[in-house]
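Subject: Structure for your review

Dear colleague,

Please find below the sequence and the structure that I am handing over to you. My account of what was found follows directly after them.

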Amino acid sequence: MITQEQRDKLRGWFAGRLPDDLFEELVEVTADREEVTVVGRIPGPRLADGVSDAEREAAVQGRIQEFRERTRESRMAVAREAEHRFGHKVSWGVECDGRRALFTHVAAPVMTRLRQPERQVLDTLIAGGVARSRSEALAWCVRLVQKHTDDWLAELRESLEHVERVRAQGPDSEED
């Protein structure tokens, strides 16, 4: 869990370090224990009025792929610096014409012990075609919980940040 101040410093570092012409706008910088994800907005393709949805989607996908290939070296240089500085892998993504695409990102394994009723839930999702494996079913469950508990999780994160601030003021904190 990182604090709001740490998030602000991380976002500020990327805002200052990224080449000016990389993104139209830095949309989001998020972090967890393993990874920092940087998402920026890139310009959509110029298309004639009245093009089909299929043509628009193909053009946006082409633009995203072109951006990914063209900027690979500069993004890798920034990522190497950030990984050294912050100790986290860096993943990239873009928003283009209302579509978000994430490039290669970390899939961190999570070990957990589940009892039979919990495993049965996962197996039901597999049998129903919602997931191909227990791992995929568990990820689906986490996304469902995340979708329905954003307010609760936001409040919990705020509480954790308050705990960090109080802890930093304790007797073990460095005095200036």
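Two strands are said to pair if DSSP finds at least two bridges between them. Please bear in mind throughout that this is a predicted model.

By that criterion, strand β3, which covers residues 89-96, pairs with strand β4, residues 99-102, in the antiparallel sense over 4 bridges. Two of the facing positions may help you to find this pair on the screen: Cys96 stands opposite Arg99 in β4, and Glu95 stands opposite Arg100 in β4.

The two strands form a hairpin with 2 residues between them. Asp97 lies in the loop that links β3 and β4. This residue has a positive phi of about 55°, although it is not a glycine. Is Asp97 buried, partly exposed or exposed? Its relative accessibility is 44%, and therefore it counts as partly exposed.

The other strands can be described in a similar way. β1 and β2 pair in the antiparallel sense over 6 bridges, and a hairpin of 3 residues joins β1 to β2. Within this pair, Thr30 stands opposite Thr37 in β2. β2 and β3, by contrast, run parallel and are joined by 7 bridges. Here the bridge partner of Arg41 is Glu95 in β3. Glu95 thus appears twice in this account, with Arg41 as a bridge partner and with Arg100 in β4 opposite.

β3 is mostly covered, with 7 of its 8 residues buried. Val94 is found in this strand. Because its relative accessible area is 0%, and buried means under 20%, Val94 counts as buried. Leaving aside residues up to four places away in sequence, Val94 touches Phe23, Val39, Gly40, Ile42, Ile64, Phe67, Arg99, Arg100, Ala101 and Phe103. One of these contacts, Ile64, is 30 residues apart from Val94 in sequence and 7.4 Å apart from it in space, C-alpha to C-alpha.

Turning to the chain as a whole, its secondary structure comes to 6 helices and 4 strands. From the N terminus on, the elements run α-β-β-α-α-β-β-α-α-α. How does the radius of gyration stand against that of a compact globule of 176 residues? Such a globule would have a value near 16 Å, but the chain has 20 Å. The C-alpha atoms fill a box of roughly 60 × 55 × 30 Å, taken along the principal axes. Buried residues make up 24% of the 176 residues in the chain. Among contacts between residues at least 6 apart in sequence, 52% join residues at least 24 apart.

The pockets come next. The largest pocket has a volume of about 2,100 Å³. Its lining consists of 41 residues, and those nearest its centre are Asp32, Glu34, Val142, Gln146 and Arg157. Which elements each supply at least two residues of this lining? They are α1 (4-17), β1 (25-31), β2 (35-41), α4 (116-127), α5 (134-148) and α6 (150-168). The largest share, 9 residues, comes from α6. By class, the lining of the largest pocket has 21 nonpolar, 8 polar and 12 charged residues.

The second largest pocket has a volume of about 260 Å³. It is lined by Thr3, Gln4, Glu5, Gln6, Lys9, Glu161, Glu164, Arg165 and Ala168. The elements that give two or more residues to this lining are α1 and α6. By class, the lining of the second largest pocket has 1 nonpolar, 3 polar and 5 charged residues.

To find your way through the model, you may wish to begin with the hairpin of β3 and β4, continue to the parallel pairing of β2 and β3, and then follow α6 along the lining of the largest pocket.

Yours sincerely,
A colleague

How values were computed: Residues are numbered from 1 along each chain as its sequence is written. This is a predicted model: local features need pLDDT of at least 70, side-chain atom pairs count only at pLDDT 80 or more; totals for chains, interfaces and linings use all residues. Side-chain values use heavy atoms; hydrogens and water are left out. On a 1 Å grid over the protein atoms alone, a cavity is a set of points where a 1.4 Å probe fits but cannot get out, and a pocket is an open set with protein on both sides within 12 Å along at least five of seven lines; lining residues have an atom within 4 Å of a point. Grid points are joined across faces, edges and corners, and a volume is the space filled by probe spheres set on the points. Ala, Val, Leu, Ile, Met, Phe, Trp, Tyr, Cys and Pro count as nonpolar, Asp, Glu, Lys and Arg as charged, and the others, Gly among them, as polar. The radius of gyration is taken over C-alpha atoms; the globule rule is 2.2 Å times the number of residues to the power 0.38. Buried means under 20% relative accessible area, exposed over 50%, partly exposed in between (1.4 Å probe, protein chains only). Contact means heavy atoms within 4.5 Å.
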